[in-house]
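Thanks for sharing this one. Here are some notes to read alongside the coordinates, beginning with one strand and working outwards.

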Amino acid sequence: MAFETWVYPATLILEHRVPAAAEFLTRMVDRRQGGLPYFRVLLDGRPPVAQHDWPDWGDMTARFAEALAMARLMTGSDRWLGSERELFGLLLSFFGEDGLNYRSKTDWSGDDALLFDQSRVLTTMVSWCMLGGDERASRLARRQIDALTRVAEKQGEVWRFPGRAYPRGGRAPGREGWVSGYDGGSGTKGLADPCYEGGVLISPVVMLYDMEGYDPAFELARGLVNWVLTADGIAEDGRFRDHVHSRLATAAGLLRYALLTGRDDILERGKRAVDFALNLSTAFGWVPEYVERPEGCEVCCIMDLLDCLFLLGRSGQGQYYDVAERVIRNHLVESQLRDTGWLPTGQPGADSERTSTSGMPQRLFGAFAGWSAPNDFIGRDVWALQNCCTPAGIRACYLAWNEVVGGDWMNTRINLLLNHAGEAASVRSWLPWEGRVEVKVKQAKPVEIRVPDWVEHTQVAATIDGQAAPLAWSGNCVKFGEYGKSSLQPGQLVTVTFPVRETTTTESRGGATAGNPFTVHWRGDTVVQIEPAGTHYPLYSRRAEAAEQPEEREQTLVESPGAIAWEPLGD
Ligand SMILES: [Zn+2]
């Protein structure tokens with residue numbers, strides 16, 4: 001990977017949020033069980049208690065492994081490489097002969113392959129395929145797709161899974177391996193759901209097809225898309241019920257499938273689902289985990305939302321980048337725990353087979369919230385971390401980092417106004433203190449810079465290398481240079497300035513959370529205060545970056561390639 005040193009204002013740098021989260025992950029594994037992650041942390045214990053639970057196998061292990069790889073790529077640090085290798089090794093050990101990824105029998109889990117787990121594992125396998133050089137990932141991903149195809153129940157064009165878990169070695173007449181009424185412990189009760197068991201698989205399956213042209217992947221994706229659409233997992237008008245994380249992950253799958261196949265009707269259904277989710281959420285990116293219980297936000301939902309917003313942005317609907325910028329600057333980064341002094345303390349006991357209290361609560365520093373209120377790290381009545389949410393926080397930062405500079409062979413496009421080092425261009429941003437963004441051109445192409453949706457076009461000014469530059473608008477972007485005629489040249493510096501809007505809004509999302517409705521104070525796209533303040537760990541109360549002019553410091557950052565690119569893990 002390449003590094004670049006430049007002077008940046010001390011405003012948000014996403015890369016700087018990642019190391020504490022990665023450190024947290026390395027502290028959230030069970031050394032006595034080969035590094036198996038803990039899914040849950042009960043924050044109201046004295047001290048807090050890390051606890052194993054039903055998703056600790058494929059689901060948690062895959063997310064932890066992928067997040068540590070992403071942290072390494074974003075920061076250029078090898079600090080967590082030992083844990084990353086251990087987690088990948090553990091994840092591989094869970095694969096059965098048949099290609100599915102299995103849990104083990106404990107008091108809180110069955111000896112089975114959860115369908116939801118398969119989606120998280122396959123996502124990590126597909127990410128790992130992009131490492132280039134490790135053929136194990138590609139082979140295992142294809143085998144997993146073959147196995148899912150084999151166990152899917154096919155009703156014409158609709159492929160579905162009859163149960164939530166596939167018991168290891170289970171056999172039932174007429175249904176290979178599915179056991180009617182099987183109850184493999186917590187996490188497996190109830191009927192299979194078209195989004196939770198099916199839709200969440202579409203994204204990684206489409207990504208593998210896109211990358212390797214593996215035809216069975218395309219057929220599986222099509223069958224699952226048909227299940228979601230015909231069973232109204234996401235209704236015609238975009239509405240859905242229940243668990244937002246799996247619905248937004250499904251929406252991302254529909255968008256990817258639609259962009260691959262050119263199916264505008266499916267793109268529209270995915271877009272409506274995203275609009276429905278935005279309507280449940282605050283403008284600053286608090287996304288409820290449940291439609292019917294809108295009181296807690298899992299960072300997993302923020303991650304899926306950003307994935308969808310970027311897909312829509314890339315499909316030509318640039319207004320979704322405005323939404324994404326507000327999500328990133330606010331509830332994504334604000335959901336990270338940066339002070340453990342307020343958490344309960346107590347004498348840790350000896351670790352048990354299921355629980356661990358050593359090092360608590362300091363051990364939790366850097367975690368991302370598992371159930372936040374719009375104004376508090378602790379959402380209504382739930383004192384817990386879900387450890388899916390910290391890898392989701394890293395993944396969301398990674399997706400955003402990769403999206404700052406976009407474009408194609410004809411132009412470079414600045415999608416997000418965040419400090420960033422990229423291969424095609426680097427960006428420094430004085431927002432929210434000052435409406436000033438500078439772009440260092442690194443490839444000879446025209447440059448488009450997105451201007452926030454609250455800026456009057458007549459109030460924008462620009463210079464190139466200090467000389468006033470004329471403004472040409474292309475949608476919500478100002479454009480400099482024209483392909484084939486007057487491209488900008490590497491080394492040129494484009495500066496765009498505009499006044500920053502200060503505004504106050506009222507948000508009534510958050511259900512029965514105390515203090516709802518909230519008064520929200522904004523500077524540009526950044527929330528600087530929420531009233532009333534939260535009571536346990538108030539969010540938006542330490543936002544110094546908006547209060548004083550940022551210092552400028554030299555930073556050495558990894559140059560993002562602008563598309564997911566990995567480097568070999570090595571042995
Ligand atoms: Zn989560």
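1. Let me begin with strand E20 (residues 477–480), in this predicted model. Its two faces are not alike: Val478 and Phe480 make up the covered face, while Cys477 and Lys479 lie on the uncovered one. That fits the usual pattern, as side chains in a regular strand alternate between the two faces of the sheet.

2. What joins E20 to strand E19 (residues 472–474)? There are 3 bridges, and the two strands run antiparallel. Trp473 has Val478 as its bridge partner in E20, so you can use that pair to find the register on screen. The hairpin of E19 and E20 has 2 residues between the strands, and Gly475 there takes a positive phi near 65°.

3. E20 also pairs with E16, again antiparallel, through 4 bridges. Two of the pairings are worth picking out: Val447 has Phe480 as its bridge partner in E20, and Glu448 stands opposite Lys479. Note that Phe480 belongs to the covered face of E20, whereas Lys479 belongs to the uncovered one.

4. Is E16 covered or uncovered on its two faces? Both faces are covered. Val447 and Ile449 are buried on one side, and Glu448 and Arg450 are buried on the other. I would look at Glu448 and Arg450 in your viewer, given that both are counted as buried.

5. E16 has a pairing with strand E13 (residues 412–414) as well, and this one is parallel, with 3 bridges. Within it, Ile414 stands opposite Ile449. E16 therefore pairs in parallel fashion with E13 and in antiparallel fashion with E20; strands of a sheet pair through backbone hydrogen bonds in either of these ways.

6. Ile449 deserves a paragraph of its own. It is found in strand E16 (residues 447–450). Why does Ile449 count as buried? Because it has 24 C-beta neighbours inside 10 Å, and the cut-off for a buried residue is 20 or more. Leaving out residues up to four places away in sequence, Ile449 touches Ile414, Val437, Val439, Cys477, Val478, Val494 and Val496. Ile378 makes a contrast: Ile449 and Ile378 are 71 residues apart in sequence, and their C-alpha atoms are 37 Å apart in space.

7. Some of those contacts lead to another pair of strands. Strand E15 (residues 436–441) and strand E21 (residues 493–497) run antiparallel and are joined by 5 bridges. Arg436 stands opposite Thr497 in E21. Among the residues touched by Ile449 are Val437 and Val494, which fall within the ranges of E15 and E21 respectively.

8. E15 and E21 are part of an open sheet of 5 strands with antiparallel pairing, in the order E14-E15-E21-E17-E18. Strand E14 (425–429) and strand E18 (467–468) stand at the edges; each has a single partner strand, so one side of each is left without a neighbour in the sheet.

9. A second open sheet has 3 strands, in the order E22-E23-E24, with antiparallel pairing. Here strand E22 (502–507) and strand E24 (526–531) are at the edges, each with a single partner strand, so each has one side without a neighbour in the sheet. From one strand to the next the twist averages 25°. Strand E23 (residues 518–523) is joined to E24 by 5 bridges, and Arg523 has Thr526 as its bridge partner in E24.

10. On the helical side, helix H4 (residues 115–129) is a good one to inspect. Its 15 residues reach 21 Å from the first C-alpha to the last, close to the 21 Å expected at 1.5 Å a residue. H4 is mostly covered, with 15 of its 15 residues buried.

11. Now the whole chain, which has 13 helices and 25 strands. Its radius of gyration is 23 Å, close to the 25 Å that the globule rule gives for 571 residues, so the chain is as compact as a globular protein of that length. The C-alpha trace spans about 75 × 55 × 50 Å along its principal axes. Of the 571 residues, 53% count as buried. Of the contacts with a separation of 6 or more, 69% are between residues 24 or more positions apart.

12. Last, confidence. The average pLDDT of the chain is 93, and 96% of the residues score at least 70. Over residues 564–571 the pLDDT is below 50, though this stretch has 19 contacts in the model beyond near neighbours in sequence.

Note on methods:
Residues numbered from 1 in each chain as written. Predicted model: local features only at pLDDT ≥ 70, side-chain atom pairs only at ≥ 80, totals over all residues. Buried ≥ 20, exposed ≤ 12 C-beta atoms within 10 Å, placed from the backbone. Contact = placed C-beta atoms within 7 Å. Pairing = 2+ DSSP bridges. Rg over C-alpha atoms; globule rule 2.2 N^0.38 Å. Expected span 1.5 Å × (residues − 1). pLDDT = per-residue confidence, 0-100. Axes fitted to C-alpha atoms, helices over the stretch in contact; angles between N-to-C directions.
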